[in-house]
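Here are three short exercises on the spaces in a protein and what sits in them. Have a look at the model, try each task, and then read the worked solution.

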Amino acid sequence: MSRLYSFARPVLFKLDPERAHALSLEALKRGVLRSRNIPLDARLRVDVAGLSFANPLGLAAGYDKNAEVPDAALRLGFGFVEVGTVTPLPQEGNPRPRIFRMPESFAVINRLGFNNEGHAEVAERLEKRARKAGIVGVNIGANKDSADRIGDYVTGIHRFEALASYLTVNISSPNTPGLRDLQKGSDLDRLLEHVMAARDGAAALTAMKPKPVFVKVAPDLSMEEIEAIAQAVLKRRVDGLIVSNTSLSRHGVEGRRFSDEAGGLSGRPIFTRSSYVLAAFRRALGPAFPIVGAGGVESARTAIAKIEAGADLVQFYTALVYGGPALPVRILDGMIRFLDKTGADTIGQVRDRKVEEILAREPPIGWEARRA
Ligand SMILES: Cc1cc2nc3c(=O)[nH]c(=O)nc-3n(C[C@H](O)[C@H](O)[C@H](O)COP(=O)(O)O)c2cc1C
């Protein structure tokens with residue numbers, strides 16, 4: 001497969017990024033892309049939040065916004081796939097162009113603005129695969145023009161509780177004005193109160209085991225904000241955190257082509273920042289709390305570094321753009337070589353090893369900058 005991709009890559013990179021993305025979805029749908037030799041190694045297994053993951057590597061939200069290809073994505077080797085963000089009503093998103101590749105920085109800036117087909121369409125697709133194996137999370141959001149954003153999340157919980165392996169409450173997209181304010185103070189507490197009550201209510205109704213609810217946060221948070229979010233998620237018994245979404249900072253890409261475009265930065269330049277915030281959350285939340293690390297994962301080394309910074313699981317998206325569909329298997333192979341070399345019994349054994357070391361460093365430059 002990597003041979004096929006090495007021919008396709010130069011063509012894809014000449015295309016508009018959204019066109020290239022649509023073609024990659026189409027290839028997955030047709031079954032053109034699938035990985036052979038997906039490593040199955042018991043040392044990679046992670047049991048967290050009541051779910052059992054074959055490996056800790058996940059596809060982050062935003063690639064498969066409309067749940068068109070979750071099973072095909074799982075066949076690339078991912079241990080789990082997160083679809084969405086899905087909003088109650090379909091939404092066009094922002095005017096194009098709204099995705100910018102920055103290949104020399106292994107980064108992307110996007111201001112898509114939750115373009116998606118809405119709850120009904122996505123739920124119908126997920127119903128069709130409901131009996132299939134594989135961990136598929138659903139990331140939910142609020143419509144841009146909604147008069148009741150908290151209500152939109154509650155609707156999302158009700159709609160997807162029975163269909164999702166887990167639910168992610170995304171309050172950290174920089175591309176829906178005001179959305180990130182839900183990460184703060186009494187708004188956050190009220191949101192979490194309603195969301196968790198909706199989850200418990202929906203679970204009681206179906207007599208099913210309640211599905212874990214994760215909250216996805218931004219990397220552009222101060223230490224005080226991190227502390228406050230940690231207290232709020234513990235108080236409301238949220239099941240886990242995803243750290244992090246894209247960044248408003250342009251540290252590391254200043255002066256580069258497209259760096260002045262509005263939107264969220266992802267990929268290599270946000271690795272250090274998002275890992276620092278991850279470590280800070282691990283310290284604030286203690287060892288029992290499930291955390292998913294995202295932001296600049298592109299190799300076995302960076303995936304393991306996220307786990308050492310406090311992550312139980314990791315996710316990536318931007319590296320898939322540059323590394324192609326064979327990347328998940330390459331990362332898993334590298335993780336296995338690492339386990340062989342170090343003699344660790346499980347990948348979870350390395351978790352938290354570097355939390356204190358990371359937090360003892362100076363906070364990454366540009367951190368806390370341009371907070372929205
Ligand atoms: C084009 C694009 C679209 C994205 N859309 C979403 C989204 O709809 N919901 C969401 O929670 N995160 C979204 N993200 C953020 C990713 O899920 C991820 O948190 C972030 O990009 C950091 O990981 P990465 O550096 O591996 O890309 C998007 C990222 C990109 C690049």
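**Exercise 1. Find which backbone atoms and side chains make polar contacts with oxygen atoms of the ligand.**

*Solution.* Start with Gly267: one of its backbone N or O atoms is 2.8 Å from a ligand oxygen. This counts as a polar contact, that is, a pair of N or O atoms within 3.5 Å. Next, go to Tyr317, where a backbone N or O atom sits 3.0 Å from an oxygen of the ligand. Then turn to a side chain: an N or O atom in that of Lys216 is 2.9 Å from a ligand oxygen. Finally, consider cover: alone, the ligand exposes 600 Å², and the protein buries 97% of that (accessible areas by the Shrake-Rupley method with a 1.4 Å probe).

A word on the model: it is predicted, so local features need pLDDT of at least 70 and side-chain atom pairs pLDDT 80 or more, while totals for chains, interfaces and linings use all residues. Residues are numbered from 1 along each chain as its sequence is written, and side-chain values use heavy atoms, leaving out hydrogens and water.

**Exercise 2. Describe the shell of residues around the ligand.**

*Solution.* First, collect the residues with a heavy atom within 4 Å of the ligand. There are 21, and Ala61, Lys65, Thr85, Gly296 and Thr318 come nearest. Second, sort them: five are nonpolar, 14 polar and two charged. Here Ala, Val, Leu, Ile, Met, Phe, Trp, Tyr, Cys and Pro count as nonpolar, Asp, Glu, Lys and Arg as charged, and the others, Gly among them, as polar. Third, look at the strands (DSSP runs of E, at least two residues): S4 (80-86) and S11 (264-267) each supply at least two residues of the shell.

**Exercise 3. Describe the largest cavity and its lining.**

*Solution.* On a 1 Å grid over the protein atoms alone, a cavity is a set of points where a 1.4 Å probe fits but cannot get out, and lining residues have an atom within 4 Å of a point. Grid points are joined across faces, edges and corners, and the volume is the space filled by probe spheres set on them. The count is one cavity of 30 Å³ or more, and the largest has a volume of about 30 Å³. Among its lining residues are Val48, Phe214, Pro290 and Asp312. By class, the lining has seven nonpolar residues, one polar and one charged. Strands S10 (240-243) and S12 (291-294) each give at least two residues to this lining.

How values were computed
A polar contact is a pair of N or O atoms within 3.5 Å; within protein, one must be able to donate a hydrogen and the other to accept it, and residues adjacent in sequence count only if both atoms are side-chain atoms. Helices (H or I, at least four residues) and strands (E, at least two) are DSSP runs, numbered from the N terminus. On a 1 Å grid over the protein atoms alone, a cavity is a set of points where a 1.4 Å probe fits but cannot get out, and a pocket is an open set with protein on both sides within 12 Å along at least five of seven lines; lining residues have an atom within 4 Å of a point.
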